Amino acid sequence: MSVTYKKLRVMLVEKNMKKKDLQEQAGLTHHEMLKIRKDMNITTETIGKICKAMKCEPTDIMDFYEEKDKN
């Protein structure tokens, strides 16, 4: 099972926010932002920080999928 943060990227565009804005508001490190950009697994603590900053739920920023479903 893999994860994608496409919903988060769409939400940032809709709110006219840059990734740097999210990083500052959520108190994320450069490494955490890199993992999000590359659709890598992040901790629940990081997900919580993002959701608090964006005033949303985890399902609003991420999706899980089977590898074969990615294409």
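Leu22 touches Leu8, Leu12, Met17, Gly27, Leu28, Met33, Ile50, Ala53 and Met54, leaving aside residues up to four places away in sequence. This is a predicted model. In it, Leu22 belongs to the largest nonpolar core and also helps line the largest cavity.

**Nonpolar core**
- The largest nonpolar core has 20 residues.
- Leu8, Leu22, Ile36, Ile50, Met54 and Ile61 touch the most other members.
- Two or more core residues come from each of α1, α2, α3 and α4 (44-54).
- α4 gives the most, with five residues.
- Among the contacts of Leu22 are Ile50 and Met54, and both are on the list of core residues that touch the most other members.

**Cavity**
- The structure holds one cavity of 30 Å³ or more.
- The volume of the largest cavity is about 50 Å³.
- Its lining consists of Leu8, Arg9, Leu12, Lys19, Leu22, Met33, Ile36 and Arg37.
- α1 (6-14), α2 (19-26) and α3 (30-37) each give two or more residues to that lining.
- By class, the lining has five nonpolar and three charged residues, with no polar ones.
- Leu8, Leu12 and Met33 line this cavity, and Leu22 touches each of them.

**Ser2**
- Ser2 lies in strand β1, which covers residues 2-4.
- Ser2 counts as buried because its relative accessible area is 16%, and the cut-off for buried is under 20%.
- Beyond residues up to four places away in sequence, Ser2 touches Asp63, Phe64, Tyr65 and Glu67.

Methods. Residues are numbered from 1 along each chain as its sequence is written. This is a predicted model: local features need pLDDT of at least 70, side-chain atom pairs count only at pLDDT 80 or more; totals for chains, interfaces and linings use all residues. Side-chain values use heavy atoms; hydrogens and water are left out. Helices (H or I, at least four residues) and strands (E, at least two) are DSSP runs, numbered from the N terminus. Buried means under 20% relative accessible area, exposed over 50%, partly exposed in between (1.4 Å probe, protein chains only). Contact means heavy atoms within 4.5 Å. On a 1 Å grid over the protein atoms alone, a cavity is a set of points where a 1.4 Å probe fits but cannot get out, and a pocket is an open set with protein on both sides within 12 Å along at least five of seven lines; lining residues have an atom within 4 Å of a point. Grid points are joined across faces, edges and corners, and a volume is the space filled by probe spheres set on the points. Ala, Val, Leu, Ile, Met, Phe, Trp, Tyr, Cys and Pro count as nonpolar, Asp, Glu, Lys and Arg as charged, and the others, Gly among them, as polar. A nonpolar core is a set of buried Ala, Val, Leu, Ile, Met, Phe, Trp, Tyr and Cys residues joined through side-chain atoms within 4.5 Å.
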